[in-house]
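Here's a quick briefing to keep beside the viewer. Have the chain loaded, and follow along topic by topic.

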Amino acid sequence: MTAEAADGDLSTAPWLGLPAAQQPDWPDPDALRAAGRKLAGSPPLVLPAECDLLTRRLAAVARGEALVLQGGDCAETFSGVGADTVRATLRTLLHMAVVLTHASSLPVVKIGRMAGQFAKPRSTAFEERGGVRLPSYRGDAVNGLEFSSGSRTPDASRLNRAYEASAATLNLVRALTTGGFADLAEVRTWNREFVASSPAGERYRRLTDEIESALAFLRACGGDTAPLATTEFFVSHEALLLDYETPLTRVDERTGRLYATSGHLLWAGERTREADGAHIAFLSRVRNPIAVKLGPTVGPETVLRYLDRLDPDREPGRLTFAMRAGADRVRDVLPLLVEKVSAEGAQVCWLSDPMHGNTFTTPDGYKTRHLETILDELSGFMAVHRALGTHPGGIHVELTGSEVTECLGGGRPVGAQDLGRRYESACDPRLNQEQSIDLAFRLADMYRRPPTG
């Protein structure tokens, strides 16, 4: 059964017999089968050994010995897969990781929301404009953003385009992270323009001065700085489209175990985390590190079911919970969940997703978030873990390296009147580069602050 599913026979995958939320209504079964066969014959995007390495890195997070920085686009687009876009997002994440490492004195596990985030769940199946009713945009892996019948009709060949776009992104990420782009000795040159023009730039310049002094001291003492010229970087996305994930699920020849080779870490979202549904069943069978998004309505009994389904052996690094309760709920909802999971002896990674629970729509119709509200949820997340003596493992944020105007606030604040200037997201609002680094410094202050009590 497992081997058949790995060979692309979608009808034999056990999770496909279960209820699956948020799946497209593909109009052409033959085209879907052809897309699945092509995916099944394509090389894996990631290797099982890379997934195992990420599990070990996340085990350190679960033990309180490291942090996670997970971030990237809300919804990747085919048109956005380019060197400049990928480089800018990667640069922003590297900036943020340096800030967090310096503040916490802990290694930061860097995970991009990239090379696979081409599908999105939607609250409604259809969108209506001017009396015209069409399928909702579900990400470039399914249909197009343009509001027309041809664009919005799900097209299974887009699954293959999503694979090709993911492969191109991964190739560039691997080249950049191993080819000198991430060299810590060049940290000052990563973005001179940002340092010169941003309100947070002076603070970042002082940090780079300290790093350069530390590296000079290390070299003077005969230390080896060569390992600092490269960095580990992993990719992740929501395991939403089972018609994409299944043919890219392969048997590892070393162990005979199943791995999802579409990304290093996959997660079930708030709309696809049914404990008895297809998505949780799928994630329970693959050996990748996996995550579940937890909204404000989740109860401890459900979370304990996830533990038993997804992490029955209580393996550190196997399971991550990303809390997206909203700034007004996190202090009330999170404590009981953490207490119940800790009582089970599970070593999971706890992340804060402070974006999704804090979205609102302006009178002009723009979906947005305010940086101060995002920081308020982060503060509540940190306070809960400090009070319970558990480890606040890190953050999961939607961001871009571009200077978009989609979220409000920041050191050089974006106001409601600015949103239309560069609102470019295909779905949800993202932090721009300055806002992202501003957030990193503010979060670094929270990690630097000693626990109370």
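## Starting from one arginine

R430 sits in the loop that runs between β14 and α14. Bear in mind as you go that this is a predicted model. From R430 we'll work outwards to the strands, the helices, the nonpolar cores and a few loop residues.

**R430 and its surroundings**

- With a relative accessible area of 7%, R430 falls under the 20% cut-off, so R430 counts as buried.
- Which side chains does R430 join through polar contacts? One is D73, in a polar contact of 3.0 Å, and another is E406, in a polar contact of 2.8 Å.
- Leaving aside residues up to four places away in sequence, R430 also touches a longer list of residues, including C74, E398, T400, E424, S425 and Q435.

**Strand β14**

- β14 covers residues 394-398, and 5 of its 5 residues are buried, which leaves the strand mostly covered.
- Both of its faces are covered: G394, H396 and E398 are buried on one side, and I395 and V397 are buried on the other.
- That split fits a general pattern: along a regular strand, side chains alternate between the two faces of the sheet.
- β14 runs parallel to β1, joined to it by 5 bridges.
- On the β1 side of that pairing, V68 has G394 as its bridge partner, while L69 is partnered with I395.
- β14 also runs parallel to strand β11 (residues 349-352), with 2 bridges joining them; here S352 stands opposite I395.

**Strand β1 and the β-α-β unit**

- Is β1 buried or exposed? All told, 6 of the 6 residues in this strand (residues 67-72) are buried, so β1 is largely enclosed by the rest of the structure.
- Looking at its faces, L67, L69 and G71 are buried on one side, and V68, Q70 and G72 are buried on the other.
- β1 pairs with strand β2 (residues 108-113) in the parallel sense, over 6 bridges, and L67 stands opposite V108 in β2.
- Put β1, α4 and β2 together and you get a right-handed β-α-β unit.

**Helix α4 and the loops at its ends**

- The 22 residues of α4 should span 32 Å at 1.5 Å a residue, and the end C-alpha atoms are 31 Å apart, which agrees.
- Of those 22 residues, 16 are buried, so α4 is largely enclosed by the rest of the structure.
- In the loop between β1 and α4 you'll find G82, which counts as partly exposed at 27% relative accessibility.
- G82 and A165 are 83 residues apart along the chain, yet their C-alpha atoms are separated by 9.3 Å.
- S105 follows α4 and lies in the loop between α4 and β2.
- S105 isn't a glycine, but its phi is positive, at about 60 degrees.
- S105 has a relative accessible area of 64%, so it is over the 50% cut-off and counts as exposed.

**Another positive phi**

- R314 also has a positive phi without being a glycine, at about 55 degrees.
- R314 is placed in the loop between α11 (300-310) and β10 (319-323), and at 19% relative accessibility it counts as buried.

**Helix α14**

- α14 (residues 433-448) has 16 residues and reaches 22 Å from its first C-alpha to its last, close to the 22 Å expected at 1.5 Å a residue.
- 13 of those 16 residues are buried, so α14 is largely enclosed by the rest of the structure.
- At the start of α14, a side-chain oxygen of N432 comes to within 3.2 Å of the backbone nitrogen of E434.

**Nonpolar cores**

- How many residues make up the largest nonpolar core? There are 107, and those with the most contacts inside it are Y244, F282, L294, F321, W350 and L439.
- α4 (residues 83-104) gives the most to this core, with 10 residues.
- Apart from it lies another core, of 16 residues, with A62, A66, V109 and I111 among them.
- F282 touches W15, A239, L242, E245, T249, A260 and L266, not counting residues up to four places away in sequence.
- In general, nonpolar side chains in soluble globular proteins tend to be buried together.

Conventions. Residues are numbered from 1 along each chain as its sequence is written. This is a predicted model: local features need pLDDT of at least 70, side-chain atom pairs count only at pLDDT 80 or more; totals for chains, interfaces and linings use all residues. Side-chain values use heavy atoms; hydrogens and water are left out. A nonpolar core is a set of buried Ala, Val, Leu, Ile, Met, Phe, Trp, Tyr and Cys residues joined through side-chain atoms within 4.5 Å. Buried means under 20% relative accessible area, exposed over 50%, partly exposed in between (1.4 Å probe, protein chains only). Helices (H or I, at least four residues) and strands (E, at least two) are DSSP runs, numbered from the N terminus. Contact means heavy atoms within 4.5 Å. Two strands pair if DSSP finds at least two bridges between them. A crossover is right-handed if, with the strands pointing away from the viewer, the path from the first strand over the helix to the second runs clockwise. The expected span of a helix is 1.5 Å times one less than its number of residues. A polar contact is a pair of N or O atoms within 3.5 Å; within protein, one must be able to donate a hydrogen and the other to accept it, and residues adjacent in sequence count only if both atoms are side-chain atoms.
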